[in-house]
Amino acid sequence: MLEVRASSDADEFGRAVYGIAQYFGGPLTEEQQSRFSKVLPFERMHAAFEGGQIVGGAGAFPFELSVPGGTLPCGGVTVVGVYPTHRRRGVLRAMMDTQLRDLHERGEPIAALWASEETIYGRFGYGIASWTGEIKLARVWNSFARPFERQGTVRLVTPEEGATIFPPVWNTLMAERPGVFQRTKEWWELRRLRMPDEEKANPRRFVALELDGSTQAYAIYRQFPEFDEGVSTARLEVLEAFGATPQATAEIWRFLLDIDWYATLDASLLPIDHPLFVLLANPRRLRFRMGDGLWVRLVDLGAALSGRAYNGEGSIVFEVRDAVCPWNEGRWKLDGGGASRTDAVADIALDVDALGSAYLGAVSFAQLRDGRRIEELQDGAVQQADALFGWRPLPWCPEIF
Ligand SMILES: CC(C)(COP(=O)(O)OP(=O)(O)OC[C@H]1O[C@@H](n2cnc3c(N)ncnc32)[C@H](O)[C@@H]1OP(=O)(O)O)[C@@H](O)C(=O)NCCC(=O)NCCS
């Protein structure tokens, strides 16, 4: 008999996390486990038991996620794994069911995750809600398209100082873009600024741009020196770089692009509307490779739809299918920015994962229709839905969790 419930102590927590850690090299050390449970409380780490043994686990960080026009509580689904001895016996399905019910009871209207494979989570109502990509830019192509007058100064800072001066810049990003989760103090310290043991020989660098008396941008990066027949083939890896203003964003990227000695600058998790595509003279040389980013699941459909902003006051009626969270099933009218149940004639019929895809504004209803994921029941309904849901700038989740 399979039972899924929240882990209740450090031992259960560790064995539940081992569901995924199996595939990443081994169980967490006591120290890793204690750190991890500071950002993922025991009660948010579900464990699957069979015959008294833990055979899988699924966690959900307590996030606040930016959505168009605001923020919402969000289950940040993470460390999902099933022991190889128990795969394909319904353990994941049982964990997803319990976790979604738990998030619903906690009043978290949405859940979000990064998928290890695109075929796993659609069946549980998650849809691709943002696109992201990576770049590999050869240093010779690092020029901007237009003359750029440098402003401010960039300085190396310690992680301790970063802990106080970086969060306001991140918070600006969160206010500007959907798809960004709030980083708590612990998150900053334990997951972004702390030096992992394996980096001790070549630690990440932290830099801040000071402009007009305040920190307006920062970057975290690493350098990997290498030579081939006396010529540098070094790699500069940008872990993150953000500016609070367009000038500050351009400044911090100019700083990174100008660093000596690297042959290739790598960065990942960039949105497709990143200013770099327009700043650079040769954007083709970024060799941008795009894929799926954040996946979103509407846990409480009414609260989720009512919790974001729209373009204008129009209305639209959805006929929603949701086999996993039946409380979402049925006909919903979005009107004046609020969603409620209705008996009115439906304009669009769709599975809940398609609505999750459209939710942050990255995937249009037109694309979903053309990709045969939704049914347009009334002429013009897709255009009307896109007019309401479309959002700029596009969602950007800059960190895999
Ligand atoms: C992916 C994983 C969690 C699936 O767990 P599981 O217990 O084997 O899955 P279930 O038996 O509950 O399967 C539920 C459904 O998902 C499908 N499914 C499971 N894993 C899948 C995969 N990797 N790709 C496609 N479909 C998958 C099953 O076929 C089943 O479909 P059905 O409902 O139509 O019958 C597990 O194999 C695992 O831990 N893999 C390695 C770690 C990993 O990828 N974790 C995900 C991190 S984001």
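So, the shell around the ligand: its residues split into eight nonpolar, four polar and six charged. For that sorting, Ala, Val, Leu, Ile, Met, Phe, Trp, Tyr, Cys and Pro count as nonpolar, Asp, Glu, Lys and Arg as charged, and the others, Gly among them, as polar. I should say right away that this is a predicted model, where local features need pLDDT of at least 70 and side-chain atom pairs count only at pLDDT 80 or more, while totals for chains, interfaces and linings use all residues. And residues are numbered from 1 along each chain as its sequence is written.

Back to the ligand. It has 18 residues around it, and the closest are Arg87, Val91, Leu92, Ser116 and Thr119. A residue counts as near a molecule here if its C-beta atom, placed from the backbone, lies within 6 Å of it. β4 (70-82) and α3 (91-106) each put at least two residues into that shell. Those labels are DSSP runs numbered from the N terminus: helices are H or I with at least four residues, strands are E with at least two.

Okay, domains. We've got domain 1 (2-108), domain 2 (132-291) and domain 3 (301-389), with bounds from an automatic or database domain assignment. Taken over C-alpha atoms, the centres of domain 1 and domain 2 are 31 Å apart. Eleven residues from domain 1 and eleven from domain 2 make the contact, where contact means C-beta atoms, placed from the backbone, within 7 Å. On the domain 1 side, α2 (30-39), β3 (53-67) and β4 each supply at least two residues. β3 has the largest share of that side, with five residues. By class, the side of domain 1 touching domain 2 has six nonpolar, two polar and three charged residues.

Last bit: backbone oddities. Most residues other than glycine have a negative phi, and most peptide bonds are trans. So what is the phi of glutamate 229? Positive, about 50°, although it is not a glycine. Glutamate 229 sits in the loop between β11 (227-228) and β12 (231-232), and is exposed, with 5 other C-beta atoms within 10 Å. On that scale, 20 or more other C-beta atoms within 10 Å of a residue's own is buried, 12 or fewer is exposed, and in between is partly exposed, with C-beta atoms placed from the backbone.

Arginine 372 also has a positive phi, about 65°. You'll find arginine 372 in the loop between α11 (365-370) and β21 (374-376), exposed, with 7 other C-beta atoms within 10 Å.

And finally, arginine 392 and proline 393 are joined by a cis peptide bond, omega about -5°. Proline 393 lies in the segment after α12 (381-389).

Note on methods. Two residues are in contact if their C-beta atoms, placed from the backbone, lie within 7 Å.
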